[in-house]
Amino acid sequence: SKQWYQRRVAITAGGTFSNSSQLWYTLKNAGFTTGDRVWRMPLFKEYGDMLKSATADVNNISAAPSAGSITAAKFLQRFTACSSWAHLDIAGVMDCTEGISYLPKGMSGRPTRTLIETLRSLSQ
């Protein structure tokens with residue numbers, strides 16, 4: 001359930017969507033290095049189908065009450081020409097409500113360190 005995901009996974013790892021395994025592993029390794037872990041989420045076709053609209057080319061939000069981060073990634077996927085891309089859903093990790101050993105409670109800045117480490121790694 002969404003509540004379970006938010007309470008268990010989202011506080012420890014940011015949801016990450018990517019069409020590229022190479023980019024995903026770069027992000028995953030950067031998250032491991034920095035402590036701002038990421039968790040790969042699916043980009044199944046069915047989630048893109050949830051964006052169909054009777055009145056527009058595409059809806060920017062799903063008609064279903066769940067899978068918001070996945071349908072957001074599918075929406076973004078429609079508008080990128082990049083052969084390798086990623087969408088990081090930071091909603092679950094941006095606010096540290098339970099406290100983590102290296103982060104005080106409050107706004108965390110996550111996954112900034114992971115993004116910086118990813119860019120450093122890609123630039124080498």
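This is a guided tour of one protein chain, with suggestions on what to select in the viewer at each stop.

**The whole chain**

Begin with everything displayed as a cartoon, and keep in mind throughout that the model is predicted. The chain contains five helices and five strands, and if you trace the sequence from its start you will meet them in the pattern α-β-α-β-α-α-β-β-β-α. If you then switch on a surface, the chain exposes about 8,000 Å², of which carbon and sulfur atoms supply 57%. Of the 124 residues in the chain, 33% are buried. Among the contacts with a separation of 6 or more, 54% are between residues 24 or more positions apart.

**The nonpolar cores**

Next, select F17, M41, L43, I70, A73 and W85 and show their side chains, since these six residues form the largest nonpolar core. Centre the view on I70, which touches F17, P42 and Y47 when residues up to four places away in sequence are not counted. Apart from this core lies another one, of five residues, and you can find it by selecting W24, L27, V38 and L88, which are among its members.

**Helix 5, from both sides**

Now select residues 112-123, which make up helix 5. From its first C-alpha to its last, this helix of 12 residues reaches 17 Å, close to the 16 Å expected at 1.5 Å a residue. Colour T114, E117 and T118, the buried residues to look for in helix 5, and turn the view until you look down the helix axis. The buried residues of helix 5 fall within an arc of 105° when seen this way, so they line one face of the helix. Which exposed residues does the face of helix 5 turned away from its buried side carry? Select I116, L119 and S123, and you will have the exposed residues on that face. To see what covers the buried residues of helix 5, add helix 2 (21-34) and strand 2 (38-40), which are included in that cover.

**The salt bridges**

How many salt bridges does a search of the whole structure find? The search finds three, and the general idea behind them is that side chains of opposite charge can pair when their charged atoms come close.

For one of them, select D36 and R110, whose side chains meet at 3.6 Å, N to O. The pair links distant parts of the chain, because D36 sits in the loop between helix 2 and strand 2 while R110 sits in the loop between strand 5 (106-107) and helix 5, 74 residues apart. Both D36 and R110 are buried.

Keep D36 selected and add R113, as the side chains of D36 and R113 also meet in a salt bridge, at 2.9 Å, N to O. Here the loop between helix 2 and strand 2 is linked to helix 5 itself, with D36 and R113 lying 77 residues apart. D36 has a relative accessible area of 2% and is therefore buried, whereas R113, at 35% relative accessibility, counts as partly exposed.

Finally, select E117 and R120, which form a salt bridge with their closest N and O atoms 2.5 Å apart. Both of these residues lie in helix 5, three residues apart, which is about one turn of the helix. E117 counts as buried at 16% relative accessibility, while R120 is partly exposed, with a relative accessible area of 38%. For a last view, show D36, R110 and R113 together, since salt bridges that share partners join them into one network.

Methods:
Residues are numbered from 1 along each chain as its sequence is written. This is a predicted model: local features need pLDDT of at least 70, side-chain atom pairs count only at pLDDT 80 or more; totals for chains, interfaces and linings use all residues. Side-chain values use heavy atoms; hydrogens and water are left out. Helices (H or I, at least four residues) and strands (E, at least two) are DSSP runs, numbered from the N terminus. The expected span of a helix is 1.5 Å times one less than its number of residues. Buried means under 20% relative accessible area, exposed over 50%, partly exposed in between (1.4 Å probe, protein chains only). The arc is that of the directions from the helix axis to the C-beta atoms. Contact means heavy atoms within 4.5 Å. A nonpolar core is a set of buried Ala, Val, Leu, Ile, Met, Phe, Trp, Tyr and Cys residues joined through side-chain atoms within 4.5 Å. A salt bridge is a side-chain nitrogen of Lys or Arg within 4 Å of a carboxyl oxygen of Asp or Glu. Accessible areas come from the Shrake-Rupley method with a 1.4 Å probe; for residues, only the protein chains shown count as cover.
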